[in-house]
Amino acid sequence: MPGIPAVPGPGRLTESVAAIFELAGPLAASLPEFEPRAGQQAMARAVADTFERGGILLAEAGTGTGKTLAYLVPAILSRQRVLISTGTKNLQEQILEKDLPLLEHALGVPFVATCMKGRGNYLCLHRFDAFVGDGAAAPHGEPGVRMTRGASGGHRARALRQDRGDPGRGRQAGAEAETQPGAAVAAGRHRAMRPLARTAAALDGHSRIYLTLIEEWARRTETGDRAEVDELPEDLPFWGEIAATTENCLGSQCPRFDDCFVTRMRQRAAAADLVIVNHHLLCADASVRQHSFGSVIPDCAMAVIDEAHQLEDVATQYFGRAVSTYRVEELVRDGERAALGAPATASEPRAAMRTTLRSLEEVARAFFTALVWTRPGAPQARGATEAGLFDERLRLTADALATIAGAGALVIDALASLDTAVAAVGDAPEDLRAVGRRAQELRADLEFLLAGEDEDFVYFLEVRGRGVFLRATPIDVSSIVGTLLRERHRAAVLTSATLAVHGSFEYIRARLGVPEAREVLLASEFDYAAQALLYLPRLMPDPRAADFAARAADEIVAILSRTEGRAFVLFTSHATMREVHGRVAGRLPYPLLLQGDAPRTLLLERFRTTPNSVLLATSSFWQGVDVAGEALSCVIIDKLPFASPADPIVQARIEALTRAGEDAFGGYQVPLAILTLLQGLGRLLRHRADRGVLAILDPRLRTMGYGRRFLAALPPARRTHALADIERFFGGSSEF
Ligand code: SF4
């Protein structure tokens, strides 16, 4: 193996990194498929240069560049602790399990890497003991074991994790609640607060099977990361009862503190060279630090933010405040459990506390019902429903908040009573004191939300599944994100396949608050002219026309008949997706898969393994989905993916930009839609051997002035308006 300087001296990192990617370098020597790529080399040099000089780099690396290795190599050779943040847990696991072992072998440089995920991914031994009821949770691996690559999350979960999407459950509570795999959104729309399973004894036979699996796993796992258990469904009903949540954590007072998986995860991270997190945890950590609640992720001099185009959205979730049915339910449930454990000598305060909890449950139910009733008839709600994408959010004006102030005041009073009742329990155990603290935090958040006075926030109702949320979200997170990057890291690289619009990083600089960032733009390594055909039908009606879905269905049938299925059909609204599905079903001899019929990962697995299948899906499939090869030979997009101006956050951002004298449509809505469109189209080519058809059914590309901006941003594939060209493309015509 060619010699590599294990620890480059000052100024030598860029040089050392460049050598790794050369034709005679160690990657070529150990990776059979490796071939030097100009884009990858340029990106690796730019990352190394940023690590050496400090500052922020924006790096757009088009598909096929090999950007992951381009930043991992400088990260390893820097000999500093480097934070890698990804948009998804899947990419975290891919880096840890696939990319880093390759590099360890190729570079021959020792390093330690570990993954950190949100607390909700880990088993809480203390809660598990209480749940199984005998206090005899099985022992597990030795505490303090030094975790190296591959030891965390060595297996992939098979099914979809459905996040209940409650990252803003209060400042501290929200800090690590970002990925609560077990707290799945129940089907249907039952918004009433419901009793939760409290102990293993209450489980049905089906759940007991999973409990047995978990008990067996708990004996041997070293990480406690539920991703190790392939068989667990994403919506395991009782996972929320045994997961390591912030709200229930007793910290150093916990009898299982020494064995605690979360503690050990942090210890591993503190000893690692590469710490791999996701944007949710990154923002959760920043939120915790912002409010002086400590920290989660160890300090890292360098950072790489992959899939950086998602960062604004995630930060928006984490720097807000929220109260929800979930948050109250959990407080009541944990309060009841803690009251049971209060000293027998405190029977009177204990009884008072249980009465208070019942009262809280009642007034909270009335409050959330009143909150939901702010919705009917509101013009924003109707607009949002028509737009389809954001039909479960409603902006709340000061007047709307005033209508629920009375009901909210009763909840605030009940929370104060709960806090008082906890304080009255002499010598209260830590579980009970934690309930008191949570009541205080919940009360403070509710008071803030009901006041509705902070002009930097937008206030809104969100109904998702059976959950009801009252939220306040910052309208502009650019200064928060910019400060986070500058203050926490000497050097930070923000990278994605889609950061620039028409070669300019102006939009992303503004959104992420990094005006001073250096930039590098690397074109896709794919030969779009040879590998792809862009089909733009001429006769589609305007998307607002009543017959749009019917005409779209006809076009989709015509296209798919020529591609023999093998397609993603991506929609901007659930309503259109469902209507088109109804119209297409039965007209094609190919298996149709519909988002919502099965968990996301299961749908993708079926798509990959079912010949000629077609998947109809909405926003969550526009990015982060990787299907290489012939299984995906066509991507059809129904409409230009403008974020709905009826969405409270989008609406507030448009208003803020307009107030500031800026062109909200041209400077915000259009660039955002272009980047989203490119993400969707980017699903088609994932490998140099891939070929396929991109189709955009929205005629506004031609009929509206802004359409030219979209056209100019599209990949350099050959364009056609003729269906016959699709046949020729797949038929091996010499023209293609
Ligand atoms: S320290 Fe917290 S997360 Fe860890 S086992 Fe105890 S209660 Fe659970």
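A residue counts as buried if 20 or more other C-beta atoms lie within 10 Å of its own, as exposed if 12 or fewer do, and as partly exposed in between, with C-beta atoms placed from the backbone. The model in these views is predicted: local features need pLDDT of at least 70, side-chain atom pairs count only at pLDDT 80 or more, and totals for chains, interfaces and linings use all residues. Residue numbers start from 1 along each chain as its sequence is written.

**View A. Strand β9 (residues 467-474) is mostly covered.** Let's start with this strand, where eight of its eight residues are buried. Helices (H or I, at least four residues) and strands (E, at least two) are DSSP runs, numbered from the N terminus. On one side of β9 sit Gly467, Phe469, Arg471 and Thr473, and on the other Val468, Leu470, Ala472 and Pro474, all of them buried.

**View B. β9 pairs with β8 and β6 in the antiparallel sense.** Two strands pair if DSSP finds at least two bridges between them. Strand β8 (residues 457-464) is joined to β9 by eight bridges, while strand β6 (residues 321-324) is joined to β9 by four. To find your way along β8, look for tyrosine 459 opposite alanine 472 and valine 458 with its bridge partner threonine 473. On the β6 side, valine 323 has leucine 470 as its bridge partner. β8 and β9 make a hairpin with two residues between them, and glycine 465 in the turn has a positive phi of about 60°.

**View C. Strand β7 (residues 393-395) runs antiparallel to β8.** Three bridges join β7 to β8. One residue to look for is arginine 395, whose bridge partner in β8 is phenylalanine 460.

**View D. Seven strands form an open sheet with parallel pairing.** The strand order is β3-β4-β2-β5-β10-β1-β11. At the edges stand β3 (113-115) and β11 (518-522), each with a single partner strand, so one side of each is left without a neighbour in the sheet. Neighbouring strands here are turned by 15° against each other on average, direction ignored. Within the sheet, β2 (residues 82-86) and β5 (residues 302-305) pair in the parallel sense over four bridges, and leucine 83 has alanine 303 in β5 as its bridge partner.

**View E. The shell around the ligand holds 14 residues.** Here a residue is near a molecule or strand if its C-beta atom, placed from the backbone, lies within 6 Å of it. Cys124, His126, Cys249, Cys254 and Cys260 come nearest to the ligand. The elements that give two or more residues to this shell are α6 (125-132) and α9 (261-270), and α6 gives the most, with three. By class, the shell has nine nonpolar, three polar and two charged residues. Nonpolar covers Ala, Val, Leu, Ile, Met, Phe, Trp, Tyr, Cys and Pro; charged covers Asp, Glu, Lys and Arg; the others, Gly among them, are polar.

**View F. Helix α24 (residues 648-659) packs against helix α25 (residues 664-681).** Their axes lie 9 Å apart at an angle of about 150°, which makes α24 roughly antiparallel to α25. Axes are lines fitted to C-alpha atoms, for helices over the stretch in contact, and angles run from 0 to 180 degrees between N-to-C directions. Angles under 35 degrees count as roughly parallel, over 145 as roughly antiparallel, 65 to 115 as roughly perpendicular, and the rest as oblique.
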